Amino acid sequence: MPSEFTVRTHSQEEFIDITNLVKGVVASSGVQKGIAVVYIPHTTAGVTINESADPSVVEDILETLRKIVPFNFPYHHLEGNAPAHIKASIMGSSLSVLIDKGNLLLGTWQGIFFCEFDGPRTRRVWVEVRGE
Ligand code: ZN
């Protein structure tokens with residue numbers, strides 16, 4: 001099984017920076033050179049990499065997603081959370097980050113964000129670290 005940690009979200013839609021949690025998994029793996037796969041085992045949440053320096057960037061992403069995927073639309077899925085499923089697919093459920101010298105190879109302004117679209121909930125994140 002991959003490593004797992006949980007994320008507690010506090011609103012219906014929210015991006016949470018999980019970079020340090022993923023770094024912690026990589027550090028405890030002891031892998032110096034390889035790859036970390038971050039996987040979200042949920043259908044109404046996703047994961048993405050984007051700017052972590054300015055929090056207004058992820059606010060803009062959320063607001064743009066609301067424009068693209070409106071809450072009021074005659075969706076077929078009758079649970080009431082169809083927009084959350086669609087936004088989760090737009091963001092995607094996994095990503096890979098290279099590891100070098102035991103560190104995640106991220107650009108200066110990049111962070112890894114858990115994307116909540118149907119919160120608040122307690123969510124799981126799986127991280128598989130491969131390498132040597
Ligand atoms: Zn649903």
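Begin with the salt bridges of this predicted model, of which the structure holds eight. Select Lys-87 and Glu-13 together, and a salt bridge appears between them, with the closest N and O atoms 2.5 Å apart. This pair ties together distant parts of the chain, since Lys-87 sits in helix H3 (residues 82-91) while Glu-13 lies in the loop between S1 and strand S2 (14-17), 74 residues apart. Lys-87 and Glu-13 are both buried. Add Arg-66 to the selection, and you have a network of salt bridges that links Glu-13, Arg-66 and Lys-87.

Next, select Glu-116 and Arg-123, whose side chains meet in a salt bridge at 2.7 Å, N to O. Are these two residues buried or exposed? Glu-116 is buried, because its relative accessible area is 0%, and Arg-123 also counts as buried, at 2% relative accessibility.

For another pair, turn to Asp-100 and Lys-101, which form a salt bridge with their closest N and O atoms 3.5 Å apart. Here Asp-100 counts as partly exposed, at 24% relative accessibility, whereas Lys-101, at 65%, counts as exposed.

**The zinc site**

Now select the zinc ion and show the side chains that coordinate it: His-77 through NE2, Glu-79 through OE, Asn-81 through OD1 and His-85 through NE2, at 1.9 to 2.2 Å. If you follow these donor residues along the sequence, you will find them spaced as H-x1-E-x1-N-x3-H. The angles among the four donor atoms run from 89 to 157°, and the site is irregular; it does not count as tetrahedral because that would require all angles to lie between 85 and 135 degrees. While these residues are on display, colour them by accessibility: Asn-81 counts as buried at 9% relative accessibility, whereas His-85 is partly exposed, with a relative accessible area of 23%.

**Helix H3**

From the zinc ion, move to helix H3 and select its buried residues, which are Ala-82, Pro-83, Ala-84, Lys-87, Ala-88 and Met-91. Lys-87 is the residue you met earlier in the salt bridge with Glu-13. What do the buried residues of H3 pack against? They pack against S2, S4, helix H2 (56-68) and S7. Just after the helix, select Gly-92, which follows H3 and has a positive phi, near 100°.

**The sheet of three strands**

The strands S2, S7 and S4 are worth showing together, for they form an open sheet in the order S2-S7-S4, with antiparallel pairing. Its edge strands are S2 and strand S4 (45-51), each of which pairs on one side only, and the twist from one strand to the next averages 35°. To look at one pairing in detail, select S4 and strand S7 (residues 110-116), which pair in the antiparallel sense over seven bridges; within this pairing, Asn-50 stands opposite Gly-111 in S7.

**The sheet of five strands**

Now display the other sheet, an open one in which five strands follow the order S1-S8-S3-S5-S6, again with antiparallel pairing. At its edges stand strand S1 (3-8) and strand S6 (103-104), and each has a single partner strand, so one side of each is left without a neighbour in the sheet.

Start from the S1 edge, where S1 and strand S8 (residues 122-131) pair in the antiparallel sense over six bridges, and where Phe-5 can be found opposite Val-125 in S8. Moving on to the next pairing, S8 and S3 are joined in the antiparallel sense over six bridges, and the bridge partner of Gly-34 in S8 is Gly-131. After that, S3 and S5 run antiparallel and are joined by six bridges, with Ser-94 in S5 as the bridge partner of Tyr-39.

Stay with S3 and colour its two faces separately: Gly-34, Ala-36 and Val-38 make up the covered face, while Ile-35, Val-37 and Tyr-39 make up the uncovered one.

Finally, add helix H1 (residues 19-29) to the view, and you will see that H1 lies across S1, strand S3 (34-39), strand S5 (94-100), S6 and S8, running at about 40° to S8.

Definitions and conventions:
Residues numbered from 1 in each chain as written. Predicted model: local features only at pLDDT ≥ 70, side-chain atom pairs only at ≥ 80, totals over all residues. Heavy atoms only, no water. Donors = N, O, S within 2.8 Å, 3.2 Å for Na, K, Ca; no water. Tetrahedral: all angles 85-135°; square planar, octahedral: opposite > 155°, others 65-115°. Buried < 20%, exposed > 50% of the residue type's maximum accessible area, 1.4 Å probe, protein only. Pairing = 2+ DSSP bridges. Helix = DSSP H or I, 4+ residues; strand = E, 2+ residues; numbered from the N terminus. Contact = heavy atoms within 4.5 Å. Axes fitted to C-alpha atoms, helices over the stretch in contact; angles between N-to-C directions. Salt bridge = Lys/Arg side-chain N within 4 Å of Asp/Glu carboxyl O.
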